[in-house]
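Me: Could you take me through one part of this model at close range? I would like to look at the sheet and what is packed around it, strand by strand.

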Amino acid sequence: MNTNESLVLNKIDDISFQFLETPTITNPNDVIVQVKKTGICGSDIHFYAHGGFGYFRLNKPMVLGHESSGVVVEVGNEVKSLKVGDKVAIEPGVPSRFSDAYKSGHYNLCPHMVFAATPNLDINGPSAPGTLCKYFKSPEDFLVKLPDHLSLELGALVEPLSVGVHACKIGSVKFGDIVVVFGAGPVGLLAASTAKKFGATKVMVVDVVESKLEMALRLNMATHVFNSKNGTLDEMIKELGQRPNVVLECSGAEVCIQSGVHVLAPGGRFIQVGNTTGPASFPITEFATKELTLFGSFRYGFDDYKTGVALLDANYKDGEDKAGINYLGLITHRFKFKDAIEAYDLVRAGKSVKCIIDGPE
Amino acid sequence: MVANPSLVLNKIDDISFETYEAPEITESTDVIVEVKKTGICGSDIHYYAHGKIGHFVLTKPMVLGHESSGIVTQVGKGVTSLKVGDKVAIEPGIPSRFSDAYKSGHYNLCPHMSFAATPNSTEGEPNPPGTLCKYFKSPEDFLVKLPDHVSLELGAMVEPLTVGVHASRLGSVKFGDIVAVFGAGPVGLLTAAVAKSFGAAAVIVIDIFDNKLQMAKDIGAATHTFNSKTGGDYKALIAAFDGQEPNVVLECTGAEPCINTGVNILAQGGRFVQVGNAPGPVKFPITEFATKELTLFGSFRYGYGDYKTAVSILDANYKNGKDKAPIDFEALITHRFDFKDAIKAYDLVRAGSGAVKCIISGPE
């Protein structure tokens, strides 16, 4: 029955509202969620403006959105950990339960991954539906219950936060680390916050836009900031007081990738999170002489979503006023579902940090 | 004064024989070794032809050589594990005992490393002496005793073999791994041999010269080979590897196309160890790298435990005699020279005349 009001990207520059089929419980561990809050991601904008990136090309209309939270409205009869009315964060990528990647503990690398709002690599296959709709179906284990004191808006931040969590886990960020994060967009700021929460002694955020650096400090997501447009790498190290032993590269910019290699202490760890538009010129001999390690990071995997929710839980347990980090401060714009296209145009014009769209009424 | 005949690189294109003063025991843990066999390394040739590598610049005469073995002739009072007459492999880089790098278990990264035949351009400070001389001094713990059945020539191969050991350990090469090695020069061949010794189920060696690939197979280091000039693209490489995507790449060329191919052939979650030196930055497919969640390890020389492991590999390889040795390490030695012909040896290797490993005997 086509009662599921959805935001659909038909082709480049063409978004419309459509009523699509409402999902129903088909497996005993299915859960139907009424989507309440959705953040807009840069990848959505890539599809809107360019029709895709890398291997992913839009070839048929696709429901947008993958950074969502909602309220459970129906559960399958084997669902044990959730009940109707629970607030949940939605993990939007469901892998094959039979793949080697899944079995070996790396489900994010599953070649049969069905990821919301991402075109099927097989052009004849259906596009995985996004979450910018009224009702979304997930298996129970790809939803994380939000504690009462966490809002649905925070629930919508769990997805980009989990990208930062995954990166920090892959790079073994821990107590005492000295971290530099390149890129002060939402991913960089959430990765920096995670590094802080994981116990890093210093977390420096680097960008070329002063207002982004100011936000990093104001929200308490960084201990140091540096504008790489105005200063040299030696000045960066001096500002930090020492060389970092961890770099979280969240910009995808070639110059930042090179800078990360240059500033790292010998034996240091470099985690690549940001996507480049093509190959990057990489100082590999300096990398080898310092015996650095480069970890590629892709989305998030087992337990990362739970960790993301746990971080928010601990952060807000004594209320917003006493919260160590102001995650909510990332949300700069809020729109009703009927104004969703305006929201996309605003983000496309580069005028927001994190923009949240309400679910349909 | 005991004479120490030495082979000295004075400046670019200028090598001569000089006689210096032999080193003496000064610390209780010092050992004096009479150098018997020395291999020539590509870095020596680089200093000979270009006078510098990166920020290491030759500014004063320097004794060449760092891939050596010899016989103990003198030991300090505190030496307990070696005696006069023992055959040893010489580990040519001595770090500061006080640096953070040394303390933290990464002495190869010590900023005060004194590495034989690597120039020190600080004015007033001497170049660390190389091993192409008669007598060389080492602390006891930077010498590894060679078992009786491992020859001095094999002892001279321990140094480049150890580069392969260090890389393989960094990349956690172990039983069952599917390994691709780029480069069939001495470092690539020895690294492939280490991967096999560590239990890799399959090792494919890639190069652009068929004769080098043949050697890789003949010595028992490779189960498969691929000529990347004539064989096709990375998909053809996988086909030549019986359709297997490796889970480890050991990159021993420093060549940009090899580095890119290495990223393309690796299975998801795979490990990439960079051993070879690239002359400058390389175009690197970092998003493909990140999407597959690969890990890249930079590898530099060798560190704690690597030299001992290399000698153990040779020990195990030759314990039932040469005929039953799984890997024919000795076949890598293609040329042998007496000390008096050392300059000819350097010119031969510099000319790139098909020498794989050239060994120079110590002075009589």
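Reply: Happy to: here is a walk along the sheet, followed by the contact between the chains and a few residues in loops. Please keep in mind that this is a predicted model.

Let's start with the overall order. Twelve strands make up an open sheet with mixed pairing, in the order β15(A)-β14(A)-β13(A)-β16(A)-β17(A)-β19(A)-β19(B)-β17(B)-β16(B)-β13(B)-β14(B)-β15(B). The edges are taken by β15 (224-227) of chain A and β15 (224-227) of chain B; each has a single partner strand, so one side of each lacks a neighbour in the sheet. From one strand to the next, the twist averages 15 degrees.

At the chain A edge, strand β14 (residues 202-207) of chain A pairs with β15(A) in the parallel sense, over four bridges. Here A:Asp207 is found opposite A:Asn227 of β15(A). Helix α6 (residues 233-240) of chain A lies across β13 (178-182), β14 and β15 of that chain, and runs at about 165 degrees to β15(A).

Moving inward along chain A, we come to strand β16 (residues 246-249), which pairs with β17(A) in the parallel sense over four bridges. A:Val247 has A:Phe270 of β17(A) as its bridge partner. Together with helix α7 (residues 254-263) of chain A, β16(A) and β17(A) form a right-handed β-α-β unit. That helix deserves a pause: seven of the ten residues of α7(A) are buried, so the rest of the structure largely encloses it. The buried residues are A:Cys256, A:Ile257, A:Gln258, A:Ser259, A:Gly260, A:Val261 and A:Val263.

Strand β17 (residues 269-272) of chain A is covered on both faces. In a regular strand, side chains alternate between the two faces of the sheet. In β17(A), A:Arg269 and A:Ile271 are buried on one side, while A:Phe270 and A:Gln272 are buried on the other. β17(A) also pairs in the parallel sense with strand β19 (residues 293-296) of chain A, again over four bridges. On that side, A:Ile271 has A:Phe295 of β19(A) as its bridge partner.

In the sheet order, β19(A) is followed by β19(B), and the chain B strands then lead out to β15(B). At that end, four bridges join β14(B) to β15(B), and the two run parallel. B:Val205 has B:Thr225 as its bridge partner in β15(B). Between these strands the chain passes through α6(B), in a β-α-β crossover that is right-handed. Helix α6 (residues 210-218) of chain B lies across β14 (202-207) and β15 of chain B, running at about 175 degrees to β15(B).

Now for the contact between the chains. Chain A contributes 31 residues and chain B contributes 30 residues. Between them the chains bury about 2,500 Å², with 62% of it on carbon and sulfur atoms. On the chain A side, A:Leu109, A:Ile284 and A:Glu291 lose the most area to chain B, together 26% of what that side buries. The count of salt bridges between the two chains is zero.

It is worth following chain B past its β19 too. B:Tyr302 sits in the loop between β19 (295-298) and α10 (306-318) of chain B. Is this residue buried or exposed? B:Tyr302 has a relative accessible area of 3%, under the 20% cut-off, so it counts as buried. Leaving aside neighbours within four places in sequence, B:Tyr302 has contacts that include B:Glu91, B:Pro92, B:Tyr107, B:Phe115, B:His166 and B:Tyr307. Along the chain, B:Thr291 is eleven residues from B:Tyr302, and their C-alpha atoms are separated by 30 Å.

Two other loop residues in chain B are worth a look for their backbone. Most residues other than glycine have a negative phi. B:Ser172, in the loop between α4 (158-170) and β13 (178-182) of chain B, has a positive phi of about 50 degrees. At 38% relative accessibility, B:Ser172 is partly exposed. B:Asp242, in the loop between α7 (234-240) and β16 (248-251) of chain B, has a positive phi near 60 degrees. With a relative accessibility of 58%, B:Asp242 counts as exposed.

How values were computed. Residues are numbered from 1 along each chain as its sequence is written. Chains are lettered from A and ligands numbered from 1 in the order in which they are written. This is a predicted model: local features need pLDDT of at least 70, side-chain atom pairs count only at pLDDT 80 or more; totals for chains, interfaces and linings use all residues. Side-chain values use heavy atoms; hydrogens and water are left out. Two strands pair if DSSP finds at least two bridges between them. Axes are lines fitted to C-alpha atoms, for helices over the stretch in contact, and angles run from 0 to 180 degrees between N-to-C directions. Contact means heavy atoms within 4.5 Å. Buried means under 20% relative accessible area, exposed over 50%, partly exposed in between (1.4 Å probe, protein chains only). A crossover is right-handed if, with the strands pointing away from the viewer, the path from the first strand over the helix to the second runs clockwise. Buried area is the accessible area (1.4 Å probe) that two parts lose on being put together, summed over both. A salt bridge is a side-chain nitrogen of Lys or Arg within 4 Å of a carboxyl oxygen of Asp or Glu.
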